[in-house]
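Please open the model in a viewer and keep a selection panel at hand. The tour below proceeds from one selection to the next.

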Amino acid sequence: MKNLVVILFISVHLNAQLDHLSLPDFELKIELDTKVKLSKNYFNISALVLVGGTLLRNINDDIMIFGSKGNIAASGTTAYYLAKHLLYVRKRNRFYKKHNLSRKTLKKKNPFNN
């Protein structure tokens, strides 16, 4: 019974900040959060391709593997996705500030920080 009460309390607490949002604002919030997550994934993949292509090229210049010759394209797309991600983060942060919403982030416990 205690677990059920705790779960209900947590769900009410987490949803309390969203109660005052209208339906279009709530849809915009979901859209902005989704765009931020997707743009971060695109940036990470693009950066990984850039690093992988650079490493392959440094290992052996004669390697004919896909990605080893695409350093210029990968650096362009990495810069593009970084700019796109930062733009979406800025839009989301403005929206959150305008509607007085807090971003709940899980911080990992640092074992060296006592």
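A residue is called buried here when its relative accessible area is under 20%, and exposed when that area is over 50%, with partly exposed in between. The model on display is a predicted one.

**First selection: helix α2**

Select residues 23–59, which form helix α2. With 37 residues at 1.5 Å a residue, α2 should span 54 Å; the C-alpha atoms at its ends are 54 Å apart, so the expected and computed spans agree. Next, highlight K29, L32, D33, V36, S39, S46 and G53, which are buried residues of α2. What lies over them? The cover of the buried residues in α2 includes α3.

**Second selection: helix α3 against α2**

Add residues 71–98, helix α3, to the view. Two packed helices are described by the angle between their axes and the distance between the axes. For α2 and α3, the angle is about 155 degrees and the axes are 8 Å apart. The pair is therefore roughly antiparallel, since angles over 145 degrees count as such. The crossing of α2 past α3 is left-handed. Colouring the contact of α2 with α3 by residue class gives 15 nonpolar, nine polar and eight charged residues.

**Third selection: S46**

Centre the view on S46, in helix α2. Is S46 buried or exposed? Its relative accessible area is 6%, so S46 is buried. To see its surroundings, display A74, T77, T78 and Y81: these are the contacts of S46 once neighbours within four places in sequence are set aside.

**Fourth selection: H85**

Move to H85, which belongs to helix α3. Its relative accessibility is 14%, and H85 therefore counts as buried. Which residues does H85 contact, apart from neighbours within four places in sequence? They are V36, S39 and K40. Of these, V36 and S39 are among the buried residues of α2 highlighted earlier.

**Fifth selection: K35 and K84**

Finally, select K35, located in helix α2. At 30% relative accessibility, K35 counts as partly exposed, because this value falls between the cut-offs of 20% and 50%. Then add K84 and draw a C-alpha to C-alpha distance between the two lysines: K35 and K84 are 9.6 Å apart in space, although 49 residues apart in sequence.

Conventions
Residues are numbered from 1 along each chain as its sequence is written. This is a predicted model: local features need pLDDT of at least 70, side-chain atom pairs count only at pLDDT 80 or more; totals for chains, interfaces and linings use all residues. Side-chain values use heavy atoms; hydrogens and water are left out. Axes are lines fitted to C-alpha atoms, for helices over the stretch in contact, and angles run from 0 to 180 degrees between N-to-C directions. Helices (H or I, at least four residues) and strands (E, at least two) are DSSP runs, numbered from the N terminus. Angles under 35 degrees count as roughly parallel, over 145 as roughly antiparallel, 65 to 115 as roughly perpendicular and the rest as oblique. A crossing is left-handed if the near helix is turned anticlockwise from the far one by less than a right angle, and right-handed if clockwise. Ala, Val, Leu, Ile, Met, Phe, Trp, Tyr, Cys and Pro count as nonpolar, Asp, Glu, Lys and Arg as charged, and the others, Gly among them, as polar. The expected span of a helix is 1.5 Å times one less than its number of residues. Buried means under 20% relative accessible area, exposed over 50%, partly exposed in between (1.4 Å probe, protein chains only). Contact means heavy atoms within 4.5 Å.
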